[in-house]
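Got your viewer open and a selection prompt ready? Here is a walk through the model, stop by stop.

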Amino acid sequence: MLRLLSEVAMVGNTKSPEQGLISTVLPLLKLLSLAIFGLILGHKKTQIVPKETFKLLSKLVFALFLPCLIFIHLGQSITLDNFVHWWFIPVNVLLSTLVGFVLGVLVVIICRPPQEFTRFTIIMTAFGNTGNLHLAIVGSICHSIDQPFGPDCKRNGVAYVSFAQWVAVILVYTLVYHMMEPPMEYYEVADEREKVEEERGQQEDNGVSRPLLVEAEWPAIEDKETENSKTALVARIFNSVSNLSVANGPDVENDIHDTADDPEPIRCLAAPKVIKKMRTVAEQTPVQHILQPPTIASLFAILVGMVPHLKAFTFGYDAPLSFITDSLEILAGAMVPSVMLILGGMLAEGPNESKLGLRTMIGISVARLFVLPLLGIGVVTLANKMNILVEGDHMYTFVLLLQYTTPSAILLGAIASLRGYAVSEASALIFWQHLLALISLSLYIVVYFKMFSFS
């Protein structure tokens, strides 16, 4: 078995199998070392760094380090021609989510999780990490001398990852947000849990008592809470439920009927009731939160990069604004170590109790970390045969494959907390998946590098 893995790990003809294996796994070992530092600093027994410090560091990553990294590398790489050729990157995010969704349905059929966690099982299988972990992996690999991606490894890798992030953010605040609402039949239980949490929050310092998982990738997400965040909004609207307390949320049914009395002649043209309900759901979707610092940095980088005069004015050694971009690049260098320290601090909290069941947790982890990457290889290989990919760009292909390889998104834990649904289950599952990802990522990165050696 070891001999077989060694043969697969050979990246080039000039390297021995042992050298190929070491050069492939070494970048992950670097990230693991950083995460272990964070785990030691944040562990309960040492408490060298308090949880509040990790949360402040998370805010710095979210509002400063990550936007700087995105703007610097995406802005230098993007052009109008690249914008046209990179179209498959965001499409691949949708494809990976769709394939993961199908796998999630199969996990539900095979593992039979508790009924209240059916949608949760599908979501945790379908939506992987498409942001910080990708950037950390790319940054660590490109820091190696013998990486196979050329001199522009980091710039191109960060650009490709950043170009896909806006799609993931839209999915999170539309599809994931509504799929993570508390199930209708368990709504009262979720409401009681929320009341207990509110009483507990009054006794503790605001924000410090929240688990680091909630703010690891999207700080202060709970501050975005609305009156409908922890209610079964979609179920109430489409099932015409009227026996819930008004205190649990606004009377959405009355809102729907009120629109029928609107004096405007156009709205009185008897629109189908389903359309009215869909419009109500759309109005309650928090799409305004999509424009966060990383997303704004991506849009701004695309705008500057696609306009030659702006790009020449901003980037380059002789550019008038080069002193600013140099400063941003220095700040961007803190992103990867900060993210891994935060991940270590999150893992130091340990897994929470989960009612999901061991069989379902194993099913989700195996489907997400081992089965989905195999299907991703098939999708990307088929796209390559159809001449969709950028020819000869191994980093482009590597980023596409990574979208199928990473564990469930940490951001799902924050959404679970925002919606008051399966918070403990999300924390436990993300904890164990990230530990298991040490094996799965090492295995598949070896496979990916071997694929590049034959192409």
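Start by selecting Ser-442 and Leu-438: a polar atom of the Ser-442 side chain lies 2.6 Å from the backbone oxygen of Leu-438. Keep in mind throughout that you are looking at a predicted model. Ser-442 belongs to helix α21, which covers residues 423-454. Is Ser-442 buried or exposed? With a relative accessible area of 17%, Ser-442 is buried, because anything under 20% falls in that class. Now show what surrounds Ser-442: leaving out residues up to four places away in sequence, it touches Val-25, Leu-28 and Ala-437.

**Into the core**

Keep Leu-28 on screen and add Ile-137. Which residues does Ile-137 contact, once neighbours within four places in sequence are set aside? The set is Leu-28, Leu-31, Phe-398, Leu-402, Thr-406, Leu-441 and Ile-445. So Leu-28 turns up in both selections, touching Ser-442 as well as Ile-137.

Ile-137 is also part of something bigger to colour: the largest nonpolar core, with 101 residues. Ile-137 is among those with the most contacts inside that core, along with Trp-86, Phe-120, Met-395 and Phe-398.

**Helix α19**

Two of those names, Met-395 and Phe-398, lead you to the next selection, residues 394-402, which make up helix α19. How many of the nine residues of α19 are buried? Eight are, leaving the helix mostly covered. To highlight them, pick Met-395, Tyr-396, Thr-397, Phe-398, Val-399, Leu-400, Leu-401 and Leu-402.

Then go to the N-terminal end of α19 and show Asp-393 as sticks. Asp-393 caps that end, with a side-chain oxygen 3.2 Å from the backbone nitrogen of Met-395.

Next, follow the loop between α18 and α19 to Asn-387. Check its backbone torsions: Asn-387 has a positive phi of about 60°, although it is not a glycine. At 68% relative accessibility, Asn-387 counts as exposed.

**A second positive phi, and a nonpolar patch**

Jump to Arg-112, in the loop between α5 and α6 (118-126). Arg-112 is another non-glycine with a positive phi, here about 50°. Its relative accessible area is 66%, so Arg-112 is exposed.

Now select helix α5, residues 88-111, and find Val-102 in it. Val-102 has 46% relative accessibility, so it counts as partly exposed. Switch on a surface and select Leu-98, Phe-101, Val-102, Val-105, Leu-106, Ile-109 and Ile-110: together they make a nonpolar surface patch of about 630 Å².

**Salt bridges**

Side chains of opposite charge can pair when their charged atoms come close. How many salt bridges does a search of the whole structure find? Two, and both deserve a stop.

For one of them, select Glu-349 and Lys-51, whose closest N and O atoms are 3.6 Å apart. Glu-349 sits in the loop between α17 (335-348) and α18 (358-385) while Lys-51 is in helix α3 (residues 51-77), so this pair ties together parts that are 298 residues apart in sequence. Glu-349 is partly exposed at 22% relative accessibility, and Lys-51 is partly exposed too, at 30%.

For the other, select Arg-155 and Asp-152; here the closest N and O atoms are 3.7 Å apart. Arg-155 is partly exposed, with a relative accessible area of 29%, and Asp-152 counts as partly exposed at 35%.

While helix α3 is still fresh in mind, pick Thr-53, which lies in it. Thr-53 is partly exposed at 37% relative accessibility. Put a distance label between the C-alpha atoms of Thr-53 and Gly-42: they are separated by 9.3 Å, with the two positions 11 residues apart along the chain.

**Zoom out**

Clear the selections and colour by secondary structure. The protein chain comes to 21 helices and zero strands. Of its 455 residues, 52% count as buried. Among contacts between residues at least 6 apart in sequence, 82% join residues at least 24 apart. Finally, turn the full surface on: the accessible surface of the chain comes to about 21,500 Å², with 64% of it belonging to carbon and sulfur atoms.

Technical notes. Residues numbered from 1 in each chain as written. Predicted model: local features only at pLDDT ≥ 70, side-chain atom pairs only at ≥ 80, totals over all residues. Heavy atoms only, no water. Core = buried A, V, L, I, M, F, W, Y, C linked by side-chain atoms within 4.5 Å. Buried < 20%, exposed > 50% of the residue type's maximum accessible area, 1.4 Å probe, protein only. Contact = heavy atoms within 4.5 Å. Patch = residues over 30% accessible without salt bridge, like charges linked within 9 Å, V, L, I, M, F, W, Y side chains within 5 Å. Areas by Shrake-Rupley, 256 points an atom, 1.4 Å probe, with all protein chains shown as cover. Salt bridge = Lys/Arg side-chain N within 4 Å of Asp/Glu carboxyl O. Helix = DSSP H or I, 4+ residues; strand = E, 2+ residues; numbered from the N terminus. Polar contact = N/O pair within 3.5 Å; in protein donor to acceptor, adjacent residues only side chain to side chain.
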